[in-house]
Amino acid sequence: MKFDFRKFFFKKPKNELEGSENGVRTPESQFQDASIPEKLAEKCEKCGQIVLSDEFAANFGVCPKCGHYRKLDARARISMCADADTFEELFAEEEGGNPLNFPGYDEKLQSLREKTGEKEGVVCGIAKIGGVRCALFSMDYRFMMGSMGHTVGEKIAKTFEYATEHALPVVGFVLSGGARMHEGIISLMQMAKTSAAVAKHGEAGLLYISVLTDPTTGGVSASFAFEADIIMAEKGALIGFAGPRVIEQTIRQTLPEGFQRAEFIQEKGFADLIVERKEMKDKLALLLKMHCAEVLA
């Protein structure tokens with residue numbers, strides 16, 4: 001599977017007859033055509049510099065001016081790291097419901113499915129990275145900030161179970177705002193279920209690498225995100241349980257500079273290495289080859 005980063009960063013062109021009257025283009029619409037095409041260049045949300053969209057795409061969503069990391073959706077991350085045309089999706093038809101009849105939740109889920117094209121907040125499957133076959137999952141910020149509901153937890157647990165059965169390592173791209181409050185205790189139970197699946201995978205002597213991205217928080221950080229054999233993180237990612245604003249309001253103290261960022265987490269011993277996005281595939285491939293030579297294609 002190949003991913004076109006141009007399509008990821010560029011919006012679809014406007015309909016040819018948009019701004020027309022009875023199918024005839026108006027002077028106003030012709031004037032609009034003469035302007036700079038939409039998405040030719042974009043403003044970095046951190047430094048405010050104008051950057052060509054092609055540059056953003058070529059740099060995997062990292063601002064070439066200041067190094068700010070934009071969020072990538074689940075499939076963009078998989079495509080960025082998996083060998084070309086090797087990804088096969090698992091559990092694609094599973095989608096969540098509304099077990100607690102939470103008001104408006106059904107409509108929210110339907111709206112997100114139409115907007116993102118995904119049934120839930122995680123994409124799971126098998127692929128090769130550097131020629132090593134592995135199971136993987138990738139959480140999607142566009143789907144309620146990758147929050148873990150029943151189906152997200154089930155899909156991740158099943159991915160570990162599949163990997164255990166087929167003696168495969170697991171690579172997980174983790175991004176989450178935590179457990180999904182709309183599903184209450186049913187969501188929180190997925191912390192235990194995913195942790196049990198990770199433990200059985202580990203007892204089988206198999207490797208699990210987690211890649212913590214921005215943000216990794218709540219019940220996800222308190223379960224499978226930090227249970228990996230090797231914990232990688234993207235530069236500057238927010239990683240923790242409660243967010244810094246909640247902590248400051250609770251303890252009524254100012255937190256130190258960079259608190260809960262990837263560099264701070266590594267300094268305190270909770271992450272093994274911080275990897276730039278452009279080097280992510282090579283680092284994963286090296287680690288997989290070192291630990292999993294028996295599953296090389």
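Trainee: Why is Leu-188 called partly exposed?

Mentor: Leu-188 has a relative accessible area of 42%. Buried means under 20%, exposed means over 50%, and partly exposed is what lies in between (1.4 Å probe, protein chains only). The value of 42% falls between the two cut-offs, and therefore Leu-188 is called partly exposed. This is a predicted model, in which local features need pLDDT of at least 70 and side-chain atom pairs count only at pLDDT 80 or more, while totals for chains, interfaces and linings use all residues. Residues are numbered from 1 along each chain as its sequence is written, and side-chain values use heavy atoms, with hydrogens and water left out.

Trainee: What makes Ile-185, Leu-188 and Met-189 a nonpolar patch?

Mentor: A patch is made of residues with over 30% relative accessible area and no salt bridge; nonpolar side chains (Val, Leu, Ile, Met, Phe, Trp, Tyr) are joined within 5 Å, and like charges within 9 Å. Leu-188, at 42%, passes the cut-off of over 30%. Together Ile-185, Leu-188 and Met-189 have about 310 Å² of accessible area (Shrake-Rupley method, 1.4 Å probe, with only the protein chains shown counting as cover for residues). Leu-188 itself lies in helix 7, residues 184-203; a helix is a DSSP run of H or I with at least four residues, a strand is a run of E with at least two, and both are numbered from the N terminus.

Trainee: Which residues have the most contacts inside the largest nonpolar core?

Mentor: They are Phe-137, Met-139, Ile-156, Phe-160, Val-174, Tyr-208 and Phe-224, in a core of 33 residues. A nonpolar core is a set of buried Ala, Val, Leu, Ile, Met, Phe, Trp, Tyr and Cys residues joined through side-chain atoms within 4.5 Å. Elements that each supply at least two residues include strand 6 (122-129), strand 7 (132-139) and helix 7, while helix 6 gives the most, with six residues. A second, separate core of 28 residues includes Ala-74, Leu-136, Met-280 and Leu-284. In soluble globular proteins, nonpolar side chains tend to be buried together.

Trainee: With which residues is Ile-156 in contact?

Mentor: Contact means heavy atoms within 4.5 Å. With neighbours within four places in sequence left aside, Ile-156 is in contact with Val-122, Cys-124, Phe-137, Met-139, Thr-194 and Phe-224.

Trainee: What makes Lys-71 and Asp-214 a salt bridge?

Mentor: A salt bridge is a side-chain nitrogen of Lys or Arg within 4 Å of a carboxyl oxygen of Asp or Glu. Lys-71 and Asp-214 meet at 3.6 Å, N to O, and this value satisfies the cut-off of 4 Å. The pair links distant parts of the chain, 143 residues apart: Lys-71 is in the loop between helix 3 and helix 4, and Asp-214 is in strand 9. Side chains of opposite charge can pair when their charged atoms come close.

Trainee: Why is Glu-234 counted as buried?

Mentor: Its relative accessibility is 2%, and the cut-off is under 20%, so Glu-234 counts as buried. Arg-277 is likewise buried, with a relative accessible area of 2%. Glu-234 forms a salt bridge with Arg-277, the closest N and O atoms being 3.0 Å apart. Glu-234 lies in strand 10 and Arg-277 in the loop between strand 11 (273-275) and helix 11 (280-291), so the pair ties together parts that are 43 residues apart in sequence.

Trainee: Which residues does UniProt list for "binding site"?

Mentor: The unreviewed UniProt entry lists Cys-44, Cys-47, Cys-63 and Cys-66. Although they are spread over 23 residues of sequence, they cluster in space, with a largest C-alpha distance of 8.8 Å. The same kind of record gives "zinc finger region: C4-type" for residues 44-66. Such positions use the numbering adopted here, feature names are shortened, and annotations may be inferred rather than shown by experiment.

Trainee: Is Cys-63 buried or exposed?

Mentor: Cys-63 has a relative accessible area of 2% and is therefore buried. Cys-47, with 30%, is partly exposed. Cys-63 is found in the loop between helix 3 (53-58) and helix 4 (74-81), whereas Cys-47 lies in the loop between strand 3 (41-43) and strand 4 (50-52). Not counting residues up to four places away in sequence, Cys-63 touches Cys-44, Cys-47, Val-51, Phe-56 and His-68.
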